[in-house]
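User: I am new to this structure and would like a short tour. Could we take it one question at a time?

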Amino acid sequence: MKVNKIQTEKNKDKTLRQDTESCILADCSLCPRNCHVDRTAGKTGYCGMNQKVKIARAALHMWEEPCISGTRGSGAVFFTGCNLRCCFCQNREIAIGDSGLEITEERLAEIFLELQEKDAANINLVTGTHYIPQIIAALDCAKKQGLNIPVVYNCGGYENTETLKLLDGYVDIYLPDYKYAESELAVKFSHANDYPERAMEAVNEMVRQTGMPQFDAEGYMKRGTIVRHLILPGHTRNSKKVLKLLHKTFGKQIYISIMNQYTPVFEQKEYTELNRCVTRREYEKVLDYAFELGIENGFFQDGETARESFIPAFDYEGVRKMP
Ligand code: SF4
């Protein structure tokens, strides 16, 4: 009888969770786009995704910051769709929804556990903003089955603070971008004029949740927030503003990762300045400024590593259950 009662309580929990998830997705305002579409009815908003979770790859990834990938690799799960769809996106095929397979929440939980089995240093949720309720359900399920490595939420920074609050207690490390301090660029490249404000509020909520950065004895991050900034060719002024804003607001509460890996993957007709890589001079100019500001908690990329392929093959590795 006792077992039956526990089972009934578990089923109630599951039903309640599914009801909440459906309720959120039936009038979606998970992110600042506030599309208010019914994704449970198969409709899609700006991110291009309905209720069904779609992923394009789940594998060990060696190219994150050293405290995230280390030598073990980060267990990266690449979600299909994106709420930003920047015109220069390096992962365009998954951002626009062309690549990926539909999976259940139960399979997503299994994938987390399989990555842990492979000795991943953490579970790295790449661009999962539009799937937050489903991710929470999968994490609940995986944690009950022994998932105990840190969870990293890796996103473009265009987040709704209220939605991020749902992740409190589920996410250990936040890894957002802060792309633009200049809203003109946010409009031009990502159709998001309120990006600077929304992303700043989001980082604030992330830091509130994680507190000061913490590392284990091997140097892996256990908790904390790392904010990434990708320098765009011809836009070092924006980069300097970003660094100043982040450093002034958060100081040593965050790590800042300054990236020069921008690679033009297709020809830009309108914004031709994006048709080249960032020059060494541009990168050094931004780094010099970071030193001038006194940024100590930081990561930067050097020389050749910046040119190696950071664009993984979206070949569905790790997506299907192995027989
Ligand atoms: S998650 Fe997608 S559908 Fe929902 S508000 Fe954001 S872009 Fe729109």
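Analyst: A residue counts as near a molecule if one of its heavy atoms lies within 4 Å of it. Keep in mind that this is a predicted model.

User: Which residues come nearest to the ligand?
Analyst: The ligand has 13 residues around it. Five of these are named as coming nearest. They are Cys 28, Cys 31, Cys 35, Cys 47 and His 130.

User: How do the residues of the shell around the ligand divide?
Analyst: Cys counts as nonpolar in this scheme, and Gly as polar. Charged means Asp, Glu, Lys or Arg. On that basis the shell has 7 nonpolar, 4 polar and 2 charged residues.

User: How many cavities of 30 Å³ or more are there, and how much space lies in the largest cavity?
Analyst: The search covers the whole structure and finds 3 such cavities. The ligand takes up the space of the largest cavity. The space in that cavity comes to about 90 Å³.

User: Which residues of the lining lie nearest the centre of the largest cavity?
Analyst: The lining has 15 residues. By class they are 7 nonpolar, 6 polar and 2 charged. Nearest the centre lie Cys 28, Cys 31, Cys 35, Arg 39 and Cys 47.

User: What lines the second largest cavity?
Analyst: This cavity holds about 40 Å³ of space. Its lining has 4 nonpolar, 1 polar and 1 charged residues. By name they are Phe 88, Lys 179, Tyr 180, His 229, Leu 230 and Leu 232.

User: What does UniProt list for residues 78-245, and how far apart are the end C-alpha atoms?
Analyst: The UniProt entry is unreviewed, and it lists "domain: Radical SAM core" for this stretch. Here the chain is 42% helix and 18% strand. The end C-alpha atoms are 29 Å apart.

User: Are the rings of Tyr 158 and Tyr 195 stacked or edge-to-face?
Analyst: The structure has 12 aromatic pairs, counting ring centres within 6.5 Å. For Tyr 158 and Tyr 195 the centres are 6.0 Å apart and the planes meet at 20°. Planes under 30 degrees apart meet the rule, so this pair is stacked.

User: How many residues apart in sequence are the parts that this pair ties together?
Analyst: Tyr 158 lies in the loop between β5 (151-155) and α6 (161-166). Tyr 195 lies in helix α8 (residues 195-210). The pair therefore ties together parts whose separation in sequence is 37 residues.

Notes:
Residues numbered from 1 in each chain as written. Predicted model: local features only at pLDDT ≥ 70, side-chain atom pairs only at ≥ 80, totals over all residues. Heavy atoms only, no water. 1 Å grid on protein atoms, 1.4 Å probe; cavity = no way out; pocket = protein on both sides within 12 Å on 5 of 7 lines; lining within 4 Å. Sits in = over half its atoms within 2 Å of the grid points. Points joined across faces, edges and corners; volume = space filled by probe spheres on them. UniProt positions renumbered as here; feature names shortened; annotations may be inferred. Helix = DSSP H or I, 4+ residues; strand = E, 2+ residues; numbered from the N terminus. Phe/Tyr/Trp six-rings, centres within 6.5 Å; stacked < 30°, edge-to-face > 60°.
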